[in-house]
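Got your viewer open and a selection tool at hand? Then load the model below and follow along, one stop at a time.

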Amino acid sequence: MTESFEVKPLGTALGAEIIGLDLAQPFGDNTAQALLGALGENGVIVFRDQLLTPEQHRAVAQALGRININRFFPTVEGHPDIAEVRKEPGQTSNIGSEWHTDHSYDTEPALGSLLYARDVPPTGGDTIFASMYAAYESLSDGLKAALATLRAVHSSAHVFGEAALSSDELKGVFANADSANQFSTHPMVIHHPTSGRSALYVNPEFTLRIEGWSDEESAALLNYLYQQATKPEFTLRLGWANNTLAIWDNRATWHLAVNDYHGHRRLMHRITLEGCVLEAAAA
Ligand code: SIN
């Protein structure tokens, strides 16, 4: 059975709201495939006013793919496959405040995540997404040709390792610092596994350098790409309300959690989906 739904664009470069589905109800494989198609095209899809228990949240994830258990995030009590993204009123640091795409340090980076808003602050706490399709398409043909030959090295160690956690608060939040030893290389421009589009695949948080280049040489090109990728016209700012579910595609987007709500709680539940090896886009 295929449930019908509307895909309403939210931004010029990326993002769409899915209207007409009640995710508390099971949906069939055709609908799952249609949602994955909308995700691959739009980078992030948003569902408003969804009343979901953790079990229903998990059922939505399982309809779309296989669940990946994050090594470093705290989990929801009784639900080891649901990560908790929490900031309490007394805390000043938040999770995800730098531009990143999740798990790029893995050899098979996660497909994406389903982030569900359980308790959002009265104002603030938005998430900003950036389109890596738009970033790539904005480059000159000469730079696109050069990038097609390059791979970049990504790591978890400098973000989740013992020495790296930037504040005592975050040290207490993340787990398994001694397992933060992943290093992977990926093409700098990938062929998106479902949309077939070319996407820039480096990010400020987890990318260390361009393979075979010095840190200094890498920084010069990477910083240019980062500046290009975060141009406002390539981004979407998502304001949350309780019971909003957003699903993003890590191969097509970056995201950043805005930390502008000190003194208030923000509690989100995140389920991450397994991905695959990323192939280079054709030059
Ligand atoms: C994350 O980076 O996974 C968290 C995003 C958010 O809390 O908005």
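Here is a tour in four stops, with a few ground rules before we set off.

This is a predicted model, so please keep in mind that local features need pLDDT of at least 70 and side-chain atom pairs count only at pLDDT 80 or more, while totals for chains, interfaces and linings use all residues. Residues are numbered from 1 along each chain as its sequence is written, and side-chain values use heavy atoms, with hydrogens and water left out.

**Stop 1: strand β17**

Select residues 266–273, which make up strand β17. (Strands are DSSP runs of E with at least two residues, numbered from the N terminus.) Is this strand buried or exposed? Eight of its eight residues are buried, so β17 is largely enclosed by the rest of the structure. Buried here means under 20% relative accessible area, with exposed over 50% and partly exposed in between, using a 1.4 Å probe and protein chains only. Colour the two faces separately: Arg266, Met268, Arg270 and Thr272 sit on one side, with Leu267, His269, Ile271 and Leu273 on the other.

**Stop 2: the partners of β17**

Now add the strands that pair with β17. (Two strands pair if DSSP finds at least two bridges between them.)

- Select 79–87 for β6, which runs antiparallel to β17 and is joined to it by five bridges. Look for glutamate 84, whose bridge partner in β17 is histidine 269.
- Select 112–119 for β7, which pairs with β17 in the antiparallel sense over seven bridges. Here alanine 117 stands opposite methionine 268.
- Select 67–68 for β4, also antiparallel to β17, with two bridges. Asparagine 68 faces threonine 272 here.

**Stop 3: the ligand**

Click on the ligand and show what is around it, meaning residues with a heavy atom within 4 Å. Which residues turn up? You should see Val85, Gly96, His100, Leu115, Thr127, Trp248, His255, Ala257, Arg266 and Arg270. They divide into four nonpolar, four polar and two charged. (Ala, Val, Leu, Ile, Met, Phe, Trp, Tyr, Cys and Pro count as nonpolar; Asp, Glu, Lys and Arg as charged; and the others, Gly among them, as polar.)

Next, zoom in on the ligand's oxygen atoms. A side-chain N or O atom of threonine 127 is 2.5 Å from one ligand oxygen. For arginine 270, the distance between a side-chain N or O atom and a ligand oxygen is 2.6 Å. For arginine 266, a polar side-chain atom lies 2.8 Å from a ligand oxygen. Switch on the surface, too: the protein covers 100% of the 260 Å² of accessible area that the ligand has on its own. (That area comes from the Shrake-Rupley method with a 1.4 Å probe.) β16 (253–257) and β17 are the elements that give two or more residues to this shell.

**Stop 4: two open sheets**

From β16, step into its sheet, where three strands lie in the order β14-β8-β16 with antiparallel pairing. The edge strands are β14 (235–238) and β16, each pairing on one side only. Select 127–131 for β8, which pairs with β14 over four bridges; isoleucine 128 has arginine 237 as its bridge partner.

Finally, find the open antiparallel sheet ordered β10-β9-β13. Why do β10 (183–187) and β13 (207–210) each have a side without a neighbour? They stand at the edges with a single partner strand each, so one side is left free of a neighbour in the sheet. Select 151–155 for β9, which makes five bridges with β10, and end at serine 155, whose bridge partner is phenylalanine 183.

Definitions and conventions
Polar contact = N/O pair within 3.5 Å; in protein donor to acceptor, adjacent residues only side chain to side chain.
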